[in-house]
Protein chains: 2
Amino acid sequence: MSDSDRPTPPTPADFTFDTLRPVAFLERAAAVFADRTAIVDGDLAFTYAELHRRVGRLTAVLDGLGIRPGDRVAALCSNSHEMLELHNAVPGIGAVLVPLNIRLSEAELSYIVEHSGASLLVATVEFAEAARAVGATAGIRVLVSGDADDEYRTLLDGAPEPVWRNVDERGLLAINYTSGTTGRPKGVMYHHRGAYLQSLAMAYHTGIGPASNYLWTLPMFHCDGWCFPWAVTAAGATHVCLRGIDTAQIWRHLTDDGITHFSAAPTVLTMIAEDPAAAPLDHIVEATTGGAPPSPALLARMSDLGIEVTHLYGLTETFGPIAVNQWQPEWNAGSPEERANLKARQGIGNIAAGVVRVVTPEGDDVPADGSTEGELVARGNNVMLGYYRDPEATAAATVNGWLRTGDVAVVHPDGYAEIRDRSKDVIISGGENIASVEVERVLDSHPDVVESAVVGRPDERWGEVPIAYVTIRDGGDVDVDELVEFARERLARFKVPKEIVFAQLPKTSTGKIQKTVLRSRYEGHIGQTGDT
Amino acid sequence: MSDSDRPTPPTPADFTFDTLRPVAFLERAAAVFADRTAIVDGDLAFTYAELHRRVGRLTAVLDGLGIRPGDRVAALCSNSHEMLELHNAVPGIGAVLVPLNIRLSEAELSYIVEHSGASLLVATVEFAEAARAVGATAGIRVLVSGDADDEYRTLLDGAPEPVWRNVDERGLLAINYTSGTTGRPKGVMYHHRGAYLQSLAMAYHTGIGPASNYLWTLPMFHCDGWCFPWAVTAAGATHVCLRGIDTAQIWRHLTDDGITHFSAAPTVLTMIAEDPAAAPLDHIVEATTGGAPPSPALLARMSDLGIEVTHLYGLTETFGPIAVNQWQPEWNAGSPEERANLKARQGIGNIAAGVVRVVTPEGDDVPADGSTEGELVARGNNVMLGYYRDPEATAAATVNGWLRTGDVAVVHPDGYAEIRDRSKDVIISGGENIASVEVERVLDSHPDVVESAVVGRPDERWGEVPIAYVTIRDGGDVDVDELVEFARERLARFKVPKEIVFAQLPKTSTGKIQKTVLRSRYEGHIGQTGDT
């Protein structure tokens, strides 16, 4: 590397040096990890010095396009070098990143772009057409990377001096729109301070370092990739981009590229385990999962493949994982079943989190008895500032300053929280609560079952009854009656599904099973209780 | 553990949950690591739930003794459960900890106690007598632990409800007095935010976790033990106390107690390597060192013993290690000599540090050529607030908001800084700084002495020992033994010159004493001194 490649340290005139902002990790990486590979994106690879220089150029491009502090810049990007660059350049000039879910319809994208008031939309080539349509609707500038024109590259190549701006650490860093299962998407506001601390926590809990390679299976648009765009950079590890979920390609990366870390929802882990190429790895891979508890069967299968899973828990509203299933060394002595049951719990606040509690409707802590249910609530630096331009929704989501997660949980005697269900997924049958998760775990433990989803069907007599949708493994020969009998041996009678349907499960772009879609099949059904 | 042992989570009325303060790590540890061993101190051992309860009681004791927010509490303690408890209880009630160097003379201790305005002095049994004398001089309350009365224990046993108070994260956490290179000790002011971030950085860089055991070879009174009292707690690791440096005992801990981590100056590492019990360990121990670069021979010897050394760099003014010799995986391929040379460099800012630079007198960065010297300067969250009640010294230590370390360094082409010369007048003996000026002033105060110059002579055991060159007045009849005795009455034992030479002092044309000339006499010389 030549001398001119080395980034010039910022000078006192430009910055206060104690501002907590995740972009600081790139500045440090450009100094200490200058020659290490920062990112591999297909045939492209950049060192940290190069990435820092490109991000600096992107700040100049953004400035040239009229982006000022506080302006919103929307991104419709795959997991790519562009998306990583935007995660640093947009906050680097004091603007606000609005990552867009690539699976949304143009109408949904247009709603978010207009609601956020974005004045620029940056897109990778896969989404050029959608981006141009959305940009035309919103009447804003669209910048596309990777197509025939490649305006992104052209502007970067001709960019003047970087435009770094200091920020208020409690100021707006990003707006991450939720999928909005209950109406319009809501814009979750992230601040620099929260993302900085969450990045440190992720780096600590994953033990990621300069010898690590992080595979981008998790969408960067989702909760800003749980802050891993900054955490991986802080560690000096290599970002390996994956522009779409392709399990065969994931296995090529795992076996050929020395991947040491990745993050994925349990459904994606299931897909990885089910891929024909799945075979035990010759090195340990640390996977972080969240969004739903990994089933004991899945954990055992991952472990056989050399993939050790850490279970994290969080929401878009908590910068991704606010809680961690902090593994206790003594637990290694347990049976696979015991270990899996311990690991299925959501755990406790991460090292930099504030406080995570499970409370009664009156706000008192539930007893740590493993059975009394309450709602999981959270406070601290990695809780959102609120919903953008939606004070009513913000007020509804908080009580006495605590964020309501909407998750029903118990606290075990060792202090670890375990979610029984999403509030809206609890099935109430004959006055008894049925945690759909509990029924699903039993079904998932059958060797022929890949995954399952249990929802309530309105019922005149019981209010609701549990119905299971189940995906069977290729070559599996279990039938419905056998599976009902299997459940009957392991569950209280009222929890056994009244009907089992073999089917592929509908999923969101992040791999979450869409129970709303399953429930919607019962709309208009006699005695229906209504769906949120 | 019974239910009553489990700490009650703080409630919204008591706290804002986003305050960065290192005591938060104990609260988290009490929840997630409740039953893990927090501390072993001789025959005593407490779990994190017990430690948290004891600290809560100590807050009540402090409150009962009249300690109010902002009040200073001095501690004259060995590495002990009491010192760890004070590191949490004193900031826990919003008061300010003043850790005292146990090797200072009563006169020096009294100066610091009075300068800090401490209204309480807590001492472990080893220092009961000195503490009572200092307390009497200052006219303040002294609380002793571990003697026949054991008032500390009595008060803790009878303590009422804990008194936790929230703090301003930029408010005063501790005052750590330097040894005073140019005169009186200066009180370095730490804030909660800096200690919190430094703790996270230490936890990340050492990879410490709940299966780790940290041996307290580093004095907790020294820069608040580089923030390890909180970092080890954040990780849920076990603190293993070492009330004095005893290398045979260190080896018993290393071999019998599963020690995985410790911190020590290179001189202490040398003592450990030289101990008759030294033999290769059956597990890897991660040692962090600082204060002086570890020599290649030392690093090789440690590696043979199974002790991997990470080189850190910092000052009292930077919460301990602000820089880290961040190891690059490729360096493992080098020869032992190459690896040692790479590791001897002080490196770059740690993951949570601000910016560390090497600058010319005009404040420009020196070129990264490995040869141009400049002064190492630093900014960021782990730089002190300033010197307590000493605005002149604070102003002298900073330039344009940057802390001047007084260390002369170069920057290598890979961006790593390497110190060429410690601030030349400081003698480092057994890991402690000795200000030559302070010793000279004592010698100069003898009626027969014209002038003196004190320099460090290399020493196998202590790193350096102070040697004095003294010019005697014409007609003066003091002899060497009398002058040594004169110094002994006025200085801490380790500061007393090990050798006094009557001589004319070499000077520059402008009359400055040339210490480099005196030091050059010891080039290539490694002496051995039996005792302090």
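This report describes chain A as a whole and then selected sites in chains A and B of a predicted model.

**Overall form of chain A**

Chain A contains 17 helices and 26 strands. Its radius of gyration is 23 Å, close to the 24 Å given by the globule rule for 532 residues, so chain A is as compact as a globular protein of that length. Along the principal axes, the C-alpha atoms of chain A occupy a box of roughly 70 × 50 × 45 Å.

Of the 532 residues in chain A, 60% are buried. When contacts in chain A between residues at least 6 apart in sequence are considered, 68% of them link residues at least 24 apart. The exposed area of chain A is about 19,700 Å², and carbon and sulfur atoms account for 49% of this area. Chain A carries 45 positive and 72 negative charges, and the mean positions of these two sets lie 3 Å apart.

**Cysteines**

A disulfide is a covalent bond between the sulfur atoms of two cysteines. Over all chains, the count of disulfides is 0. Two cysteines of chain B illustrate this, and the cut-off that matters is a sulfur-to-sulfur distance within 2.5 Å. For Cys77(B), the nearest cysteine sulfur belongs to Cys241(B) and is 11 Å away. For Cys223(B), the nearest cysteine sulfur is that of Cys227(B), at 8.4 Å. Neither Cys77(B) nor Cys223(B) is in a disulfide. Cys77(B) is buried, with a relative accessibility of 2%, and Cys223(B) is buried at 4%.

**Helix H11 of chain B**

Helix H11 of chain B spans residues 266-274 and is mostly covered, with 8 of its 9 residues buried. Among the buried residues of H11(B) are Pro266(B), Val268(B), Leu269(B), Met271(B) and Ile272(B); Thr267(B), Thr270(B) and Ala273(B) are buried as well. The cover over these residues includes helices H10 (247-256) and H12 (296-304) of chain B. It also includes strands S11 (261-263), S12 (285-289), S13 (307-315) and S25 (463-472) of chain B.

**The loop after strand S26 of chain B**

Ala503(B) sits in the loop between strand S26 (499-502) and helix H17 (515-520) of chain B. With a relative accessibility of 23%, Ala503(B) is partly exposed. Leaving aside residues up to four places away in sequence, Ala503(B) is in contact with Tyr469(B), Val470(B) and Thr471(B). Thr471(B) is 32 residues from Ala503(B) along the chain, yet their C-alpha atoms are separated by 5.3 Å.

**Asp150 in chains A and B**

Most residues other than glycine have a negative phi. Asp150(A) has a positive phi, near 50°, and phi of Asp150(B) is also positive, near 50°. In chain A, Asp150(A) lies in the loop between strand S6 (141-145) and helix H6 (151-157). In chain B, Asp150(B) is placed in the loop between strand S6 (141-145) and helix H6 (151-157).

The table lists the relative accessibility of the single residues discussed above.

| Residue | Relative accessibility | Class |
|---|---|---|
| Cys77(B) | 2% | buried |
| Cys223(B) | 4% | buried |
| Asp150(A) | 17% | buried |
| Asp150(B) | 17% | buried |
| Ala503(B) | 23% | partly exposed |

The cut-off for a buried residue is under 20% relative accessible area. Asp150(A), at 17%, therefore counts as buried, whereas Ala503(B), at 23%, counts as partly exposed.

Conventions:
Residues are numbered from 1 along each chain as its sequence is written. Chains are lettered from A and ligands numbered from 1 in the order in which they are written. This is a predicted model: local features need pLDDT of at least 70, side-chain atom pairs count only at pLDDT 80 or more; totals for chains, interfaces and linings use all residues. Side-chain values use heavy atoms; hydrogens and water are left out. Helices (H or I, at least four residues) and strands (E, at least two) are DSSP runs, numbered from the N terminus. The radius of gyration is taken over C-alpha atoms; the globule rule is 2.2 Å times the number of residues to the power 0.38. Buried means under 20% relative accessible area, exposed over 50%, partly exposed in between (1.4 Å probe, protein chains only). Contact means heavy atoms within 4.5 Å. Accessible areas come from the Shrake-Rupley method with a 1.4 Å probe; for residues, only the protein chains shown count as cover. Lys and Arg count as positive and Asp and Glu as negative; His and the chain ends are not counted. The place of a charge is taken as NZ of Lys, CZ of Arg, CG of Asp or CD of Glu.
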